[in-house]
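Me: Please take a close look at one part of this model, the open sheet, and tell me how its strands are arranged and what packs against them.

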Amino acid sequence: MEMIKATRPAMPDYGEYVKEIASIWETGVMTNNGDKVRRFRELLSEYLQIKNIDLFVNGHSSMVIALQALQLEGEVITSPFTFVSTTNAIVQSGLTPVFGDVDDSYNLSPESIESLITDKTCAIVTPHIFGIPCDIESIERIAEIYDLKVLYDGAQAFGTNINGNSIGRYGDITMFSFHAIKVFNSIEGGMLTYRDESLHRQFELYRNFGITYGESSSDVEVVGMNAKMNEFQAAMGIVNLPLHKNEVKKRKRIAQIYCERLKDITGINPYDYKLNIDYNYAYFPIKVTEEYGITRNELWEKLKEYGIGTRKLYDKLTCDYCYYKDRNYVRKTKYADKIKDITLDLPIYGTLTEKEVEYICDTIKKVGKANAFRNKPA
């Protein structure tokens with residue numbers, strides 16, 4: 001059997017993409033807020049039912065710009081169980097990360113947030129990790145009590161809805177990534193959704209070097225960057241967007257098979273999906289506990305032997321990377337320290353077949369049975 005990849009990008013029909021980009025040769029416009037970027041923004045606004053949307057070259061630049069545009073100062077409470085982009089964006093913006101703990105959803109725990117608030121705290125910046133929403137209700141209640149900004153890193157959460165509402169409707173700002181391996185992609189790309197429409201001008205400034213244009217000359221108002229989405233990215237987004245719901249539908253079916261087939265395997269614990277949430281099934285994380293018989297790392301190695309690619313996300317907390325670990329940042333990460341050692345992401349993407357999913361589950365079951373004796377008393 002060919003190696004089952006851990007992830008694959010969702011790609012449109014080749015001919016459809018070529019057809020979409022053909023007009024770029026006619027106009028000669030490849031960047032600088034061209035027709036395709038404007039059209040892509042309109043399509044996204046309609047799709048998500050969100051008015052305030054801005055597009056960027058990638059998700060990381062989007063988050064940096066969001067933080068800088070709010071002109072925050074002080075400490076930011078955040079999750080260490082995430083891709084390093086979240087932490088990097090905070091530090092790049094001159095803010096101090098304070099690392100909270102996570103709960104069983106893999107997300108930042110509201111109880112941990114409240115215990116870490118000081119008079120220096122200015123915001124909560126946290127991911128919806130694996131496309132699984134944070135406890136939004138509790139986080140925003142805390143933010144209101146303590147007058148804090150809330151920025152969600154929704155890099156992995158495009159298409160996730162809570163009670164029928166896009167996850168981009170929550171918080172002061174939500175960032176999304178359209179990177180190639182996301183459920184929905186525009187090759188690369190980023191998006192901010194936000195409450196305060198006056199932020200639009202700031203975002204335009206920060207993504208274009210801070211330049212303002214007058215009738216006779218230009219000026220620079222802020223220290224911006226080049227973070228503009230280009231026409232080729234937007235074209236990919238335009239042709240991929242109509243395929244998104246079907247991609248999620250396929251992933252949901254895969255997740256259902258996983259849940260059904262893994263539920264009786266001791267020591268293998270999938271996430272407990274909630275009925276009021278429409279997930280995008282960006283990832284399928286499991287917790288590999290002691291009862292399984294071998295460790296997460298050993299299972300990861302075993303599955304490779306059977307031709308199955310999986311990912312150890314995130315096997316190092318961001319506060320433990322060499323750049324951050326000796327900087328005396330406050331951390332309260334007891335459960336996160338455990339979660340990082342037992343979480344394994346199983347393959348999930350629209351082109352994964354049911355036969356392959358069944359093979360993955362049967363292999364996990366077989367490997368577990370073969371090693372069950374290790375935890376039996378002598």
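Reply: What follows describes the sheet, then the helices that lie on it, and then the nonpolar core. The model is predicted, and the description should be read with that in mind.

The open sheet is formed by three strands in the order S12-S14-S15, with antiparallel pairing. Strand S12 (268-270) and strand S15 (343-346) are the edge strands, and because each has a single partner strand, one side of each is left without a neighbour in the sheet. From one strand to the next, the twist averages 35 degrees. Strand S14, which covers residues 284-288, is joined to S15 by four bridges, the two running antiparallel; within this pairing, Lys287 has Thr343 of S15 as its bridge partner.

Two helices can be described against this sheet. Helix H9 (residues 244-262) lies across S12, S14 and S15 and runs at about 20 degrees to S14, while helix H10 (residues 296-305) packs on the sheet, touching S12, S14 and S15, with its direction at about 25 degrees to that of S15.

The nonpolar core adds side-chain detail to this picture. The largest such core has 85 residues, of which Leu44, Phe178, Tyr258 and Leu262 touch the most other members, and H9 gives the most to this core, with six residues. Leaving aside residues up to four places away in sequence, Leu262 touches Ile268, Pro270, Phe284, Ile286, Leu346, Cys361 and Ile364. Separate from this is a second core of 28 residues, which includes Val64, Leu151, Leu192 and Leu205.

Definitions and conventions. Residues are numbered from 1 along each chain as its sequence is written. This is a predicted model: local features need pLDDT of at least 70, side-chain atom pairs count only at pLDDT 80 or more; totals for chains, interfaces and linings use all residues. Side-chain values use heavy atoms; hydrogens and water are left out. Two strands pair if DSSP finds at least two bridges between them. Axes are lines fitted to C-alpha atoms, for helices over the stretch in contact, and angles run from 0 to 180 degrees between N-to-C directions. Contact means heavy atoms within 4.5 Å. A nonpolar core is a set of buried Ala, Val, Leu, Ile, Met, Phe, Trp, Tyr and Cys residues joined through side-chain atoms within 4.5 Å. Buried means under 20% relative accessible area, exposed over 50%, partly exposed in between (1.4 Å probe, protein chains only).
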